[in-house]
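Notebook open, viewer open. I want to go through this one element by element and jot down what I look up.

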Amino acid sequence: MSEKKKQSEDELLEKVTSTEYKYGFTTDIESDTIPKGLSEEVVRIISSKKNEPEWMLEYRLNAYKTWIEMEEPNWANVNYEKPNYQDVIYYSAPKQKPVLDSLDDLDPEMKKTFDKLGISLEEQKKLANVAVDIVMDSVSVATSFKETLSEKGIIFCSISDAIQEHPKLVKKYLGSVVPTRDNFFSALNSAVFSDGSFCYIPKGVKCPMELSTYFRINEAGTGQFERTLLIADEGSQVSYLEGCTAPMRDENQLHAAVVELVAMDDADIKYSTVQNWYPGNDEGVGGVFNFVTKRGICYKNAKISWTQVETGSAVTWKYPSCILKGDNSIGEFFSVAVTNNFQQADTGTKMIHLGKNTKSTIIAKGICAGKSNGNYRGLVRISKGAANSRNFSQCDSLLMGDKCGSHTFPYIEVKNNSSKIEHEATTSKIGEDQLFYCNQRGIGTEEAIALIVNGYCKDVLNQLPMEFAVEAQKLLEISLEGSVG
Amino acid sequence: MLKVKNLKAGIEDSQILKGINLEVNAGEVHAIMGPNGSGKSTLASVIAGKEEYEVVEGNIDFEGDDLLELSPEERAQKGVFLSFQYPVEIPGISVSNFIKTSISEQRKATGMKPMTTKDLLKMMRDKMELLNIKNGYLSRNMNEGFSGGEKKRNEIFQMAMLEPKLSILDETDSGLDIDALRIVANGVNKLKNKNNATIVITHYQRLLDYIVPDFVHVLHNGRIIKSGGKKLALELEEKGYDWITKEADNKWDKLKI
């Protein structure tokens, strides 16, 4: 490489680190918070603030007792200063909780926030036919399309409402896929989760619209502990969208969500995530810690498909997984994970094959720029009884510049000799030849990178619902502005 | 249109071009021939602006602009097109998407309105017909799994779509069988008019049976050592390069003394 070329590359890499997070702003809404720290007392306060029944309090207290005996895991290939769990505020709710018939009644401040994000709810309602359950700092403030959904018997509400109104379903399924003691963060979440979404699709019902929740962390220093429970009864179908952006903060924000999916016989769940939480500044200060446990269980002939586009957070620890319990069930995982500046990600999936003729597909695409570190960690486990099961895995990494790192940790355990497993992995750089080719056709370097990255991620982006794919593409471009390899 | 003056360029410490002078006018076809390693592809790359080459002396004027001051994309936007000897793959990006991006970026740079999808598709269809390209081609990914002939035809298709003022065809004939060669050459001939110019870089005379040049230049050891009409190409075919290169080497050796 000539000196001149090297210099211009360095300059461009400089530019990467000077690209600031574009969604950094806070909304000035009065909040009701409790003191910092976690204790049995705090768990009781959270439960009582939410007017929860006794069984729910018991569940939380059990989880708290489990959690204090557990240790934060160290095995992920990420480096960060462990949060001080006694320095986190575990509950925060906007003071007035307005009941809204329409989105016009929304707090003007809050509305402004959404406008800045380019998420016009009215537009979304009209254009995308999306029912939006907005979670702003832990408590749902607006729910739409509820009526249309209830005609079909679909329940789509906040988990707090579900605990009050559908205790039987919640009691039966909460913690059934991700048990409290599954890991450190799931135990923490089970003790203090403030809100989240609940969804139930009755037998044979095809959900007529994409269900969507936008998450935001708004209160400085407030950890957000989302809890999502989605149950698709026999033969039902649903597509669920989850998208996130967070305002800029100096201190690290802790996020430990739990998502549980239950796909009964012949049910089909598609769960899509676009995650763009504040990744920290160009010196690696601040940013969200994102420790998420997502898991689904498939019964006979059921299918769960996870799609994620991860561009945010300072540290990501996330493995959306499928337990393929029923015969002929299918699990899919499509992922694009982008890391830039000092971001670190350890993400992947677990496919646990228990039933016969079960099938799983994993397509994971990592993109690393700046001084970031991106890891794929995946487990494919084929148990003794999972005859004729199949897995296909493809893990690709794309590197930009020479200061980032990428690792792949595929774990494969096969206890059945009628099963078939395929694993493909590649690591590539955006080639100078590719860039020059694009340049020669009049396409500038920034545009060329966006084009090449989009091509690279196509298999995953194609899985997203249309309106989400556009947003995801925009996010990729913003996240990689100024990067070059 | 293009005036190359005393161009000296190379990679790192090795100088490859040692003083090139070349003038190309609108409506002309120039062939640059020469043995392997004479600097043909380097000349094409330097005109297009590939950064790994360093220009140490001389200048390139293109319609009043100093090309050496412009980035590769700006040169392309001014109307300089390079048909690559080894076109690269861009996985996941379809031919139509790539060309659409290319055209819209070039129009944006020159202050033109974007083309409507309808017009763009019509133009694509017309140019496909011109180059005997079958349906289904537009949705294939850029050069991914293309045969040698398909890659070269894809280059000429882009040239047809972008309508450049100056096209440089770098060893477009290499790796083509006679049928593919004929198709590509016919395409180039159909796109030729009095307002554009073509530089054909080739090792063999074969391509010049189909694309007939107005001028032939022989490049050797970083210099143009002989220029002439199309007859020169035939002469080279017959006698090889030795008779001129030896003469030139002697001349430069004497000068050194």
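My entries follow, from the overall make-up down to single residues.

**Entry 1: overview**

I am working on a predicted model, so I keep that in mind throughout. I looked up chain A first: 12 helices and 23 strands. Of its 485 residues, 55% are buried. I also checked how far contacts reach along the chain. Among chain A contacts between residues at least 6 apart in sequence, 85% join residues at least 24 apart.

**Entry 2: strand β17 of chain A**

How many residues of β17(A) are buried? I get 10 of the 10 for this strand, residues 330–339, so the rest of the structure largely encloses it. I then split it by face. One side carries A:I330, A:E332, A:F334, A:V336 and A:V338, and these are all buried. The other side has A:G331, A:F333, A:S335, A:A337 and A:T339, and those are all buried too.

Next I looked up its strand partners. β14(A), residues 303–310, pairs with β17(A) in the parallel sense over eight bridges. In that pairing I find A:E310 opposite A:A337. β19(A), residues 359–368, also runs parallel to β17(A), and 10 bridges join the two. There the bridge partner of A:E332 is A:T361.

**Entry 3: helix α11 of chain A**

This helix, residues 445–461, has a kink of about 40 degrees, and I find it centred on A:G455. Is α11(A) mostly covered or mostly uncovered? It is mostly covered, with 12 of its 17 residues buried. A:G455 itself is among the buried ones, as are its neighbours A:Y456 and A:C457. Others I noted as buried include A:T445, A:I449, A:I452 and A:L461.

**Entry 4: where the chains touch**

I counted 20 residues of chain A in contact with 23 residues of chain B. On the chain A side, α1 (3–18), α10 (432–440) and α11 each supply at least two residues. Which of the elements gives the most? It is α11(A), with seven residues. I sorted the chain A side by class as well: six nonpolar, eight polar and six charged residues.

**Entry 5: the nonpolar core**

The largest nonpolar core has 185 residues. Those with the most contacts inside it are A:A232, A:A263 and B:I168. The largest share of this core comes from α11(A), with 10 residues. I followed up B:I168. Leaving out residues up to four places away in sequence, B:I168 touches B:A44, B:I47, B:A48, B:F81, B:L82, B:S83, B:I199 and B:I201.

**Entry 6: a sheet in chain B**

I traced an open sheet of four strands here, in the order β2-β1-β4-β5 with antiparallel pairing. β2 (14–24) and β5 (65–66) of chain B are at the edges with a single partner strand each, so one side of each has no neighbour in the sheet. Further in, β1(B), residues 2–11, pairs with β4(B), residues 54–62, over seven bridges in the antiparallel sense. I find B:V4 opposite B:I60 there. Helix α1(B), residues 40–48, packs on this sheet and touches β1, β2 and β4 of chain B. The direction of α1(B) makes about 70 degrees with that of β2(B).

**Entry 7: two positive phi angles**

Most residues other than glycine have a negative phi. I noted two exceptions. A:S313 has a positive phi of about 70 degrees, and B:N132 has one of about 55 degrees. A:S313 is in the loop between β14 and β15 (315–318) of chain A. B:N132 is in the loop between α4 (117–130) and α5 (148–162) of chain B.

Is A:S313 buried or exposed? It is buried, since 28 other C-beta atoms lie within 10 Å and the cut-off for buried is 20 or more. B:N132 counts as exposed, with 10 C-beta neighbours inside 10 Å.

**Entry 8: a glycine in a strand**

Last look-up: A:G378, which is found in β20(A), residues 373–382. A:G378 counts as buried because it has 24 C-beta neighbours inside 10 Å. Its C-alpha atom is separated by 7.7 Å from that of A:Y319, 59 residues apart along the chain. Not counting residues up to four places away in sequence, A:G378 touches A:G348, A:T349, A:K350, A:I362, A:A364, A:S393, A:P410 and A:Y411.

Conventions. Residues numbered from 1 in each chain as written. Chains lettered and ligands numbered in written order. Predicted model: local features only at pLDDT ≥ 70, side-chain atom pairs only at ≥ 80, totals over all residues. Pairing = 2+ DSSP bridges. Bend = angle between axes of the 7 residues up to and from the residue. Contact = placed C-beta atoms within 7 Å. Axes fitted to C-alpha atoms, helices over the stretch in contact; angles between N-to-C directions. Nonpolar A, V, L, I, M, F, W, Y, C, P; charged D, E, K, R; others polar. Core = buried A, V, L, I, M, F, W, Y, C linked by C-beta atoms within 7 Å.
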